Amino acid sequence: MTTAPVGHGTMLRKEDARFIRGRGTYVDDVTLPGMLYGAMLRSPYAHARIASIDISAARAHPKVRAVLTGDTLAGLNLAWMPTLSGDVQAVLATDKVRFQGQEVAFVVAEDRYAARDALELIDVDYEPLPAVIDARQALAEDAPVIRDDLEGRTDNHIFDWETGDKAAADEVFATAEVVSKQDMLYPRVHPAPLETCGAVAHLDKVTGKLTVWTTTQAPHAHRTLYAIVAGLPEHKIRIISPDIGGGFGNKVGIYPGYVCAVVGSIVTGKPVKWMEDRSENLMSTSFARDYHMHGEIASTRDGKILGLRVQVLADHGAFNGTAQPTKFPAGFFGVFTGSYDLTAAHCSVTGVYTNKAPGGVAYACSFRITEAVYLVERLVDVLAFDLGMDPAELRRKNLLRPEQFPYPSRTGWEYDSGDYPRALETALDLAGYAGLRAEQREKRERGELMGIGISFFTEAVGAGPRKHMDILGLGMADGAELRVHPTGKAVLRLSCQSQGQGHETTFAQLVAEQLGIPPDDVDVVHGDTDQTPFGLGTYGSRSTPVSGAVTVMVARKVRERARIVASAMLEVSPDDLEWEKGRWFVRGDQASGRTIQEIALAAHSDLELPEDVEGHLDATCVYNPPNLTYPFGAYVCVVDVDAGTGQVKVRRFVAVDDCGVRINPMIVEGQIHGGLADGIGMALMQVMAFDEDGNHLGGSFMDYLLPTAKECPSWELGETVTPSPHHPIGAKGIGESATVGSPPAVVNAVIDALRPYGVRHADMPLTPAAVWSAVQGRPLRT
Ligand code: CDP
């Protein structure tokens, strides 16, 4: 491994110099003179009417500077805020509380402890109401109406959405030789970034400027939303997203705590810091998944898949705060046909309110595609079970073929490029699939439970294009600005923001590759709206497909400007110049070249340039992607299951990913490692559980488990490279592929291990108790 100058290729991460020394600056590290501290009072009930709130004792606390309630905010027209899905969400509850942990009052005090102490002094009179916890009961006639704040609302229904061709799908199913059906749940889980959410807000009364240091994955979008919601002039708002300790979708939306910190600063005239604790993060910030799915798959008797039909009940919690492009009520779930060549497909999704925390974020996935991939990969295995066919063979028979790309899916998406059979065969070879099946046969004879699970996934990442994708009217395109100093050192300013993915390294590498300068000569500036051009942020693995593309484009613009300057230096026509890494030279005369550093200096000199050329090499660019990119991969998981306890051990995990051209293979592998661990967490141990009254049962890491190295095997990675035809360097996103693709591989492996018991499906998380329950009452057939 090297830190030597490279363009694309493995190099150590530039940002680690500060991270491994503990010198990162996170929101909680921001301390300003005279700063006050906020704390949030939260509802103990999942559903209750608020009869009264008495804040007099809290106000009288000697260290308390302000106490905000819904009534205070209503006076400022800020008691409710718009959500990313066009709903509204209470900032502080006025009429009712609608989930346990909902924000009720905000105390601003001289220190953290006083703020927390004063919460105890607030007296809220709640009148408890029956809670709706199960999405399937949300639409019952007698279900309590959760959102009676919405005019005319008489039920808990949010939306119905469908995609595909129902008539064509019904026709395929009517005549199919085999139809397999399965109900399955993708449980409610939480992105659980190690850094919780928080903000430091400071309204400078002299300049009228509001600065907010905040945990956001989308600083520019937040700034515009603050301007719209609070009526503040946008140029007087600065959002700074400093070092971020993991986002995974959790930091896309705007939370009541951020708004309260801002209002707290407005009313006290001081900077106000609010940082939630772990339980607050788990209980009240955006969850993910919670999809109740019914899937049907039709095929011929010899395993040619013909069609898919799917119905989903989507639990969106108390406010519809899902983060996804406006035109997609169920996100990209529409890509549910997965990686297979089929005749027809149809899906319908119904969204409902329940008394749970709002959200529905794309936790390390492109807007609900995780649920879609899980659904189709479980269905394919269920079909293999029913047909008595090897799941690898069934996939082999049905995967899209390379010559079908660009592939128009049955639900209106266009997959850009792929060689799926090659990825599958690479994974099976790496795993030694035939040998594993032989070992399994042998073990089954001895009564040992070994399982082999396969999944194949197609992701859809890099939202826009702008005409199809926006968030609240803001089109999903990204800007970049590249400044080249006279000595040839460069500063790249980006709208997207790293939460630990190594952007300061890889985006510098992109510029380095285009200009032929060392990556260490390129500084990447991001996460500050005053310093960077507008763009929609980092989520859904869109950084490389969109901001990566605009980086390459802006660097190429600089290179073209350098060509004009070089032509003036060499007194030749620009058309006679040829580029090689780092310099322009006169075609046919290698020795004649001028390096980019020499050109940069000349661009600032008295060199005579053509009249229409301004000088300097700096450039800006906006990139509106023509399509999403479609990374894909084939995964093989091997598990051993203890029949007595139900304990699952993931023994091996082979992951072959194709994200097109890799900028930094080491970082790509790191992204995959993290995603695979995530997948093990979701498949085997994670669920946000509630009791029937809506009490949250997973408010700490003692109950909501994160996978550690102990639960993970030594990952075995492989790769294929199928460039994206429309991305300027052929790269596709990778950040979330493994989180999307791995849960079905693990679940398929566990169900495969339980085959001697005749188990066909069991829902995640496959905890020891769940596995043990799945085999009860089933005789073991060896
Ligand atoms: O949007 P996010 O950064 O989460 O996801 P991404 O665009 O998939 O990128 C994750 C990290 O992997 C970034 O540092 C990328 O530059 C890097 N990457 C890469 O080196 N090559 C690729 N083909 C894709 C991503």
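Visitor: Which residue in β6 is the bridge partner of Arg49?

Guide: That's Lys96. Keep in mind that this is a predicted model, where local features need pLDDT of at least 70, side-chain atom pairs count only at pLDDT 80 or more, and totals for chains, interfaces and linings use all residues. Residue numbers run from 1 along each chain as its sequence is written.

Visitor: What makes β2 and β6 a pair?

Guide: Two strands pair if DSSP finds at least two bridges between them. β2 (residues 48–54) and β6 (residues 96–97) have 2 bridges, in the antiparallel sense, so they count as paired. β2 also pairs with β8 (residues 123–128), again antiparallel, over 6 bridges. There, Ser52 stands opposite Asp125. The labels come from DSSP runs numbered from the N terminus: helices are H or I with at least four residues, strands are E with at least two.

Visitor: Why are Thr506 and Ser543 said to be around the ligand?

Guide: A residue is near a molecule or strand if its C-beta atom, placed from the backbone, lies within 6 Å of it. The ligand has 23 residues around it, and Thr506 and Ser543 are among those that come nearest, along with Thr544, Ile663 and Gly735. Helices α14 (503–515), α15 (543–570) and α17 (665–684) each give two or more residues to this shell, and α17 has the largest share, 3 residues.

Visitor: How many of the shell residues are polar?

Guide: There are 13, next to 7 nonpolar and 3 charged. Here Ala, Val, Leu, Ile, Met, Phe, Trp, Tyr, Cys and Pro count as nonpolar, Asp, Glu, Lys and Arg as charged, and the others, Gly among them, as polar.

Visitor: How do you know which residues of domain 1 are in contact with domain 3?

Guide: Domain bounds come from an automatic or database domain assignment: domain 1 is 31–129 + 195–245 + 251–284 and domain 3 is 477–623. Two residues are in contact if their C-beta atoms, placed from the backbone, lie within 7 Å. By that rule, 15 residues of domain 1 touch 14 of domain 3. On the domain 1 side, α7 (219–230) and β13 (237–240) give two or more residues each, and α7 gives the most, with 4.

Visitor: What is the confidence of the chain, as average pLDDT?

Guide: pLDDT is the predictor's confidence in each residue, from 0 to 100. The chain averages 96, and 99% of the residues score at least 70. For the complex, the predictor gives an ipTM of 0.99 and a pTM of 0.97.
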